[in-house]
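User: Please go through this structure with me, one question at a time. I want short reasoning and a clear result each time.

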Amino acid sequence: MSQKIQSLSEYFQEYQESIQQPEEFWSRIAKNFHWKKPWDSVLSWNFDGPEVKWFENAQLNITENIFERQLSTHGEKTAILWEPNDPKEPERSISYNELFELTCQFSNALESQGIQKGDRVIIYMPMIPEAAIAMLACARVGAVHSVVFAGFSSTALADRINDCEAKMVLTSDGNFRGAKNIPVKEVVDEALEKTTTVDKVIVYQRTQESVTMKEGRDLWWHELIQSESKEHTAATLDAEDLLFILYTSGSTGKPKGVVHTTAGYMVYTHYSFLNVFQYEQEDVYWCTADVGWITGHSYIVYGPLLAGATTLMFEGVPTYPTAGRFWEIVDKYQVNQFYTAPTAIRALQAYGLEPLEPYSLSSLKVIGSVGEPINEEAWHWYHDHIGKGKCPLVDTWWQTETGGIMISPLAGITPNKPAHASLPLPGIQPILVDAEGNELKGNNVEGNLCIKFPWPSMLRTTYGDHKRCKDTYFSTYPGLYFTGDGAKRDHDGYLRILGRVDDVINVSGHRMGTAEVENAINEHPKVIESAVVGFPHVIKGQGIYAYAICDREGHTDEELIQEIKDTVRKIIGPIAKPDEVQIVPGLPKTRSGKIMRRILRKVASKDISNLGDTSTLLNPEIVDQIINGAGIKNS
Ligand code: PRX
């Protein structure tokens, strides 16, 4: 039976079935896979622990479901199309048969270097097919991969290595991104000075930069695989064995390692990929994300490959060498499904229509959006000029923690409504609650978005700290998974995501914790205290605004501001660099010492019309000083 929903009535029917009889529903979907041993029970769960188990005691290997299950029908089909950063360099096209051999060969290499089931392997690589091969090879041998976006700094990389006690790092000599050549291996070397658990580093030669190779620790990828066989027997994993850890930012502390397990993630990424994008077997699908983020995991690598799709990987950036690069690629490969982030759309929109002129974009059937709320203007531009008014636009809401798309139109099936993620996928039970956790029933309501029933690809824990998982997601509203987002259900029952309601800033679709940025700023020796908030930004969605109390002696404010920005870049990475830094004489604090962020957000947004009650502040005079310092006229 096809897993693809074909009509709106079928969607409603399947949705009803999925919530009335979830176990029957998911076991029907899961039967399409190859299981080495079937499950004893489909689901056992409680959100108090939390403890969630899908397909308990089943045994499988996700890569057997990508390869062995499909090779007889898809062996010659292109699995990965790769477009290099520099359009003059040759592209690559890798069939399922070839990808299988490359994965097997690298699986053997991992094992010959001592990697065993359960070991953690960090992947810090550019957007090249080998990044996907590295993930698949880890999955094949039962190692747990943790991909770290190659734009993160050595400190951020070291933190992640230490947190999961990784045994190995897979990286490259360098990384081409636009006009830049980033010395990735150097960053790894620096990180490893702050760690003790890594004994092997495998380096893929991408840029031919000369790098230092540490004797006994560092090995060249191409040399290592030479002697390895292209055959490999997949490890047997339990359904709930860890597939990967992916670090993401939250309101407090350091980024946490979101844990995804094997079977549920496999079932759900495949099902959601097919249904949201309505992928058909001859289609070319392109998601522009980086494999360092969950979107890259679920909808460049696992979902598409499990569906036997042709998935395009692009190494570069949207504006290099020209602002028409995305559209050139769409025409070149005749892309049918195109999936990107609102920030990229807004950035390209700013170049006007000229970069689009040479391209027809006529192959496109579906366009998608992910990572942050898409404003109506960007939605219409994308729909009219890229989708030419004829392609359904899937605004997909989901999170690192959810593993797969949760709320989204199904392309061509769910009626499109601008800026609305619209309806939940089968199996997903979202509810809106008020501040006390009371469910807001009916339409025309706005509240905090929670999920009340488990779904197969949900996070199981945060690595090494289960209590943190409970505190972060399952304690605000007992019995519910709290997403951290606010949402509105309109008069038709369609959901519109309003954005984060916690101290997380969504910068260009990247999640940043305010506390994380503050901690980095506080590393600057002249900073006494800081507070970070988000503010509306035309391209990035949200920008980062930092307030810092500093010891100004011997420094001009300009020097301090630049140094603070550089400190954050160095400690976290360029994506966390504040857009604005304001040196302030103090921060507005309540009598209990809590910073009143509401005021800081207002000032950062240059909207001081309604600051609310400031009488409970310990230091109310500071508000005017901050407003004046921000250059806002206080009328
Ligand atoms: O605030 C929501 C926003 O991105 C957050 C999740 O970020 P991350 O874990 O990095 O995953 C991003 C890619 C799945 C959410 O809490 N978000 C994601 N998609 C949307 C969105 N906000 C509005 N509309 C979306 N389609």
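The questions and answers below go through helix packing, buried faces, cysteines and backbone geometry.

User: What kind of model is this, and what pLDDT do local features need?

Analyst: This is a predicted model, in which side-chain atom pairs count only at pLDDT 80 or more, totals for chains, interfaces and linings use all residues, and local features need pLDDT of at least 70. Residues are numbered from 1 along each chain as its sequence is written, and side-chain values use heavy atoms, with hydrogens and water left out.

User: How are α2 and α10 oriented where they pack: roughly parallel or roughly perpendicular?

Analyst: Helices here are DSSP runs of H or I with at least four residues, strands are E runs of at least two, and both are numbered from the N terminus. Helix α2 (residues 22-30) packs on helix α10 (residues 262-277) at about 80°, with the axes 10 Å apart. Axes are lines fitted to C-alpha atoms, for helices over the stretch in contact, and angles run from 0 to 180 degrees between N-to-C directions. Under 35 degrees is roughly parallel, over 145 roughly antiparallel, 65 to 115 roughly perpendicular and the rest oblique, so α2 and α10 are roughly perpendicular.

User: How do the residues of the α2 and α10 contact divide into nonpolar, polar and charged?

Analyst: Contact means heavy atoms within 4.5 Å. Helix α2 gives F25, W26, I29 and A30, while α10 gives V267, Y268 and Y271. Ala, Val, Leu, Ile, Met, Phe, Trp, Tyr, Cys and Pro count as nonpolar, Asp, Glu, Lys and Arg as charged, and the others, Gly among them, as polar. The division is no charged, no polar and 7 nonpolar.

User: Within what arc do the buried residues of α19 fall?

Analyst: Buried means under 20% relative accessible area, exposed over 50%, and partly exposed in between (1.4 Å probe, protein chains only). In α19 (residues 621-629), I622, V623, I626 and I627 are buried. The arc is taken over the directions from the helix axis to the C-beta atoms. Seen down the axis, these buried residues line one face of α19, because they fall within an arc of 140°.

User: Which elements do the buried residues of α19 pack against?

Analyst: N628 and G629 are exposed, on the other side of α19. The buried residues pack against β29 (541-550), β30 (580-583) and α18 (597-604).

User: Within what arc do the buried residues of α15 fall?

Analyst: Helix α15 (residues 466-474) has R468, C469, Y473 and F474 buried. Their cover includes β15 (256-261), β23 (461-462) and β24 (481-489). They line one face of the helix, since seen down the axis they fall within an arc of 170°.

User: How far from C104 is the nearest cysteine sulfur?

Analyst: A disulfide is a pair of cysteine sulfur atoms within 2.5 Å. The structure holds 0 disulfides. C104 is in none, and its nearest cysteine sulfur belongs to C138, at 14 Å.

User: Is C104 buried or exposed?

Analyst: The relative accessible area of C104 is 1%. That value makes C104 buried.

User: What is phi of K606?

Analyst: K606 lies in the loop between α18 and α19. Leaving out residues up to four places away in sequence, K606 touches A630 and I632. K606 is a residue other than glycine with a positive phi, near 55°.

User: How far apart in space are K606 and F535?

Analyst: In sequence, K606 and F535 are 71 residues apart. In space, C-alpha to C-alpha, they are 8.8 Å apart.

User: Is N444 buried or exposed?

Analyst: N444 is found in the loop between β21 (430-433) and β22 (445-451). Its phi is positive, near 60°, in a residue other than glycine. At 54% relative accessibility, N444 is exposed.

User: What is omega of the cis peptide bond from G49 to P50?

Analyst: P50 is found in the loop between β1 (41-46) and β2 (51-56). The bond from G49 to P50 is cis, with omega near -10°.

User: What is omega of the cis peptide bond that joins Y320 and P321?

Analyst: P321 lies in the loop between β17 (310-314) and α12 (325-333). The bond joining Y320 and P321 is cis, and omega is about -5°.
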